[in-house]
Amino acid sequence: MFENFKVPDDLRPSDPRFGSGPSLVPVSFLDKLAETKTELLGTSHRKPAVKNLFKEMQEGLREYFKVPSDYEVVVGNGGATFLFDMIGLGLVRKKSVHYTCGEFSSKWFKSHDVIPWVTAENIASDYGQGVAPKDHDDADMICVTLNETSTGVHLPTMPAVDGDTILAVDATSGGGQCPCDVSKTDIYFFSPQKVFASEGGFFVAIMSPKALKRAEEINSTDRYIPPIMNWKTAIDNSVKNQTYNTPSISTVFFLNEQVKLMNELGYDKVQELAKEKADFIYSWANEKDYLSPYVSDENARSWAVATIDVDDKYPAGDLIKVLEEQKAVYGIDAYRKLGRNQFRIALFHNISFDDLKKLTQLIDQAFKEA
Ligand SMILES: Cc1ncc(COP(=O)(O)O)c(C=O)c1O
């Protein structure tokens with residue numbers, strides 16, 4: 001089906017990238033990077049030019065997320081998956097509780113579950129269902145995922161933790177545009193290749209005094225932790241605007257450009273724009289008889305990644321293929337392991353409302369002609 005569909009010129013989005021990660025890196029960022037010529041790429045990350053870039057990016061994130069002054073913006077190589085292990089090894093004393101609702105939250109749970117001295121408890125929601133965290137007085141860490149990229153479920157309210165318990169939030173795909181008060185979390189981490197329009201292989205972990213203290217505490221035990229995963233080393237380097245080992249400078253450059261761009265609007269405005277796009281896309285899906293939002297609970301529908309089920313009469317994959325072949329739309333397939341007849345459409349900050357409208361009109365046109 002759809003093999004004869006021809007993308008009309010007036011419905012062609014200005015940028016074809018609607019994927020849920022890696023996300024749309026603006027072409028203007030590439031131009032800006034090229035302008036740095038011999039000053040950044042190919043120079044040492046221990047020298048002022050690169051350290052200043054790191055500093056600007058870390059301070060920009062502090063401003064954006066209104067990070068309290070006693071928190072640290074910790075950075076390093078490896079990305080969120082790397083942090084799943086690093087957090088399990090270096091920040092959990094004995095027990096972590098995990099709210100899982102898809103592939104990434106489950107992967108994080110599994111990373112802790114295989115550590116011999118950690119008890120990891122899994123509180124699983126069915127895929128596509130929201131999450132309702134409770135209090136736990138027997139755990140020293142609660143792990144939640146701000147936006148489950150595989151299912152398009154976001155967590156509208158964070159669990160409250162008190163005493164010595166750490167609230168750890170994987171904010172990889174929602175961080176920056178799904179609501180979350182970072183000052184109420186203990187470790188809020190993300191890879192920058194989603195809302196923050198950069199590339200993978202890097203992490204940001206915003207850590208509270210409680211989390212910093214926990215890192216010190218565990219570091220002073222005789223627990224073996226590979227040096228590359230040592231929190232104290234990561235924190236000490238981050239305070240000096242550096243990473244333990246050699247970073248990708250272009251990744252940090254793009255991240256910094258995006259932080260500057262988003263700081264022009266501020267976090268509240270960026271969230272408002274994200275909500276407008278989300279409202280638009282879910283209303284569209286509700287209006288069409290061949291579409292429906294996959295996440296039934298409206299409160300749990302993501303403002304960053306929309307999952308839209310397609311009537312089985314229409315193979316979504318066929319249309320996705322045709323749109324990709326004509327270089328009109330990239331990356332709207334369902335998460336591969338979910339195996340649903342679905343469109344998964346990123347609503348990331350850089351994806352314009354106009355392009356999103358064109359995408360929906362394009363899909364409508366293709367269904368009309370099918
Ligand atoms: C919610 C979430 N957590 C973790 C990850 C893993 O990130 P990375 O591939 O940078 O390790 C992803 C990647 O898509 C994600 O969406």
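In this predicted model, the loop between helix 2 and strand 1 (72-77) holds lysine 66. Lysine 66 isn't a glycine, yet it takes a positive phi of about 50°. With 12 other C-beta atoms within 10 Å, Lys66 counts as exposed, because the cut-off for that class is 12 or fewer. Alanine 197 pulls the same backbone trick, again with a positive phi of about 50° and again without being a glycine. Its loop is the one between strand 8 (187-190) and strand 9 (202-207). The setting of Ala197 is another matter: 24 other C-beta atoms lie within 10 Å of alanine 197, so it is buried. As background, most residues other than glycine have a negative phi, and most peptide bonds are trans. A further backbone oddity sits in the segment before helix 1 (27-35), where proline 22 is found. The peptide bond joining glycine 21 to proline 22 is cis, with omega at about -5°.

Back to helix 2, which spans residues 48-65 and packs against helix 7 (residues 249-265): their axes come within 9 Å and cross at roughly 35°. The crossing is left-handed. On the helix 2 side, the contact includes Val50, Leu53, Phe54, Met57 and Leu61, while helix 7 brings in, among others, Ile249, Val252, Phe253, Leu255 and Val259. Sorted by class, this contact comes out at 12 nonpolar, 3 polar and 3 charged residues.

Zooming out, the domain assignment splits the chain into domain 1 (9-25 + 266-369) and domain 2 (39-264). Their centres, taken over C-alpha atoms, are 27 Å apart. Across the boundary, 30 residues of domain 1 are in contact with 31 residues of domain 2. On the domain 1 side, helix 8 (267-287) and strand 11 (305-310) each chip in at least two residues, and helix 8 gives the most, with 4. That side of domain 1 is made up of 16 nonpolar, 10 polar and 4 charged residues.

The largest nonpolar core has 110 residues, and the members touching the most others are Ile187, Phe189, Ile206, Ile345 and Leu347. Both domains give residues to this core, so it lies between them. As for Phe189, leaving aside residues up to four places away in sequence, its contacts are Ala80, Leu83, Asp170, Ala171, Phe203, Val204 and Ala205.

How values were computed
Residues are numbered from 1 along each chain as its sequence is written. This is a predicted model: local features need pLDDT of at least 70, side-chain atom pairs count only at pLDDT 80 or more; totals for chains, interfaces and linings use all residues. A nonpolar core is a set of buried Ala, Val, Leu, Ile, Met, Phe, Trp, Tyr and Cys residues joined through C-beta atoms within 7 Å. A residue is buried if 20 or more other C-beta atoms lie within 10 Å of its own, exposed if 12 or fewer, and partly exposed in between; C-beta atoms are placed from the backbone. Domain bounds come from an automatic or database domain assignment. Two residues are in contact if their C-beta atoms, placed from the backbone, lie within 7 Å. Axes are lines fitted to C-alpha atoms, for helices over the stretch in contact, and angles run from 0 to 180 degrees between N-to-C directions. A crossing is left-handed if the near helix is turned anticlockwise from the far one by less than a right angle, and right-handed if clockwise. Ala, Val, Leu, Ile, Met, Phe, Trp, Tyr, Cys and Pro count as nonpolar, Asp, Glu, Lys and Arg as charged, and the others, Gly among them, as polar.
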